[in-house]
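User: I am new to this structure. Please take me through it in short steps.

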Amino acid sequence: MSVATPFVPDPSDAELAESALRDLRSALASEGPVHLRFAEGGDVVVPRSALTALSEILSTFAQGEGVTVLPTQSELTTQQAADAMRVSRPYLIGLLESGKIEFRTVGSHRRVQAASLVSYMRADEAERRAAADALSAEARELGFS
């Protein structure tokens, strides 16, 4: 697997992913490792955390969207990091240079830790949600909703 591996579902995969997600949710309610049985025969035991990750992937697939798997200790080029964030490379470089995302320089090239990128993306999402919640509250106060 490369550092940033994109997985994009076929249109027919969305319904199958939704069905599989329903079945996985019941398995997630139990404790301990999970035993998967395949129709072709054979069992596989997987850690619950892997099943949680799989359910996140299936949820995204069910919406017809793809996912990118990034090992947390991997280093990304600026283009890979920009692709993962779905922004332009110049915009990402602005974030790096402003100190919003940690990076290191290798020669003349910037490298971004996947963990730093994910941390920024989570914080940015939380900030966006807080702003949207504040706007919704203000709209309610003013009687617009």
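**Salt bridges, pockets and strands**

User: What is the relative accessibility of E18, and how does E18 count?

Analyst: Three classes apply: buried is under 20% relative accessible area, exposed is over 50%, and partly exposed is in between (1.4 Å probe, protein chains only). E18 has a value of 31%, so this residue counts as partly exposed.

User: What kind of model is this?

Analyst: Residues are numbered from 1 along each chain as its sequence is written, and side-chain values use heavy atoms, with hydrogens and water left out. Local features need pLDDT of at least 70, side-chain atom pairs count only at pLDDT 80 or more, and totals for chains, interfaces and linings use all residues, for this is a predicted model.

User: Which residue does E18 meet in a salt bridge?

Analyst: A salt bridge puts a side-chain nitrogen of Lys or Arg within 4 Å of a carboxyl oxygen of Asp or Glu. Helices here are DSSP runs of H or I with at least four residues, strands are runs of E with at least two, and both are numbered from the N terminus. E18 and its partner are 4 residues apart in helix 1, so about one helical turn separates them. At 3.9 Å, N to O, the partner is R22.

User: How far apart are the closest N and O atoms of E125 and R129?

Analyst: Side chains of opposite charge can pair when their charged atoms come close. Both residues lie in helix 5, 4 residues apart, about one turn of the helix. E125 is partly exposed at 36%, whereas R129 is exposed at 54%. Their closest N and O atoms, in a salt bridge, are separated by 3.2 Å.

User: What is the N to O distance between R37 and D43?

Analyst: R37 is exposed, with a relative accessible area of 68%. D43 is partly exposed at 45%. Their side chains meet in a salt bridge, with N to O at 3.0 Å.

User: How many salt bridges does a search of the whole structure find?

Analyst: Among them are E18 with R22, R37 with D43 and E125 with R129. The count for the whole structure is 6.

User: Which element gives the most to the lining of the largest pocket?

Analyst: A pocket is an open set of points on a 1 Å grid over the protein atoms alone, where a 1.4 Å probe fits, with protein on both sides within 12 Å along at least five of seven lines; lining residues have an atom within 4 Å of a point. The largest pocket holds about 1,400 Å³ of space (volume: the space filled by probe spheres set on the points, which are joined across faces, edges and corners). Its lining has 33 residues, and V67, T68, A84, V118 and M121 are the closest to its centre. With 10 residues, the top contributor is helix 5.

User: How many nonpolar residues are in the lining of the largest pocket?

Analyst: Ala, Val, Leu, Ile, Met, Phe, Trp, Tyr, Cys and Pro count as nonpolar, Asp, Glu, Lys and Arg as charged, and the others, Gly among them, as polar. The lining has 6 polar and 9 charged residues. The nonpolar count is 18.

User: What is the volume of the second largest pocket?

Analyst: Its lining is D13, L16, A17, A20, L54, I57, L58 and F61. Helix 1 and helix 2 each supply at least two of these residues. By class, the lining has 7 nonpolar, no polar and 1 charged. The volume is about 170 Å³.

User: Which residues does T5 contact, leaving aside neighbours within four places in sequence?

Analyst: T5 lies in strand 1 and is buried at 13%. Its C-alpha atom is 5.3 Å from that of T68, 63 residues away along the chain. Contact means heavy atoms within 4.5 Å. Outside those neighbours, T5 touches V67, T68 and V69.

User: Which strands stand at the edges of the open sheet?

Analyst: Two strands pair if DSSP finds at least two bridges between them. The sheet has 3 strands in the order 5-7-6, with antiparallel pairing. Each edge strand has a single partner, so one side of each is left without a neighbour in the sheet: these are strand 5 and strand 6.

User: What is the phi of R86?

Analyst: Most residues other than glycine have a negative phi. R86 lies in the loop between helix 3 and helix 4, and is exposed at 66%. Although R86 is not a glycine, its phi is positive, about 60°.
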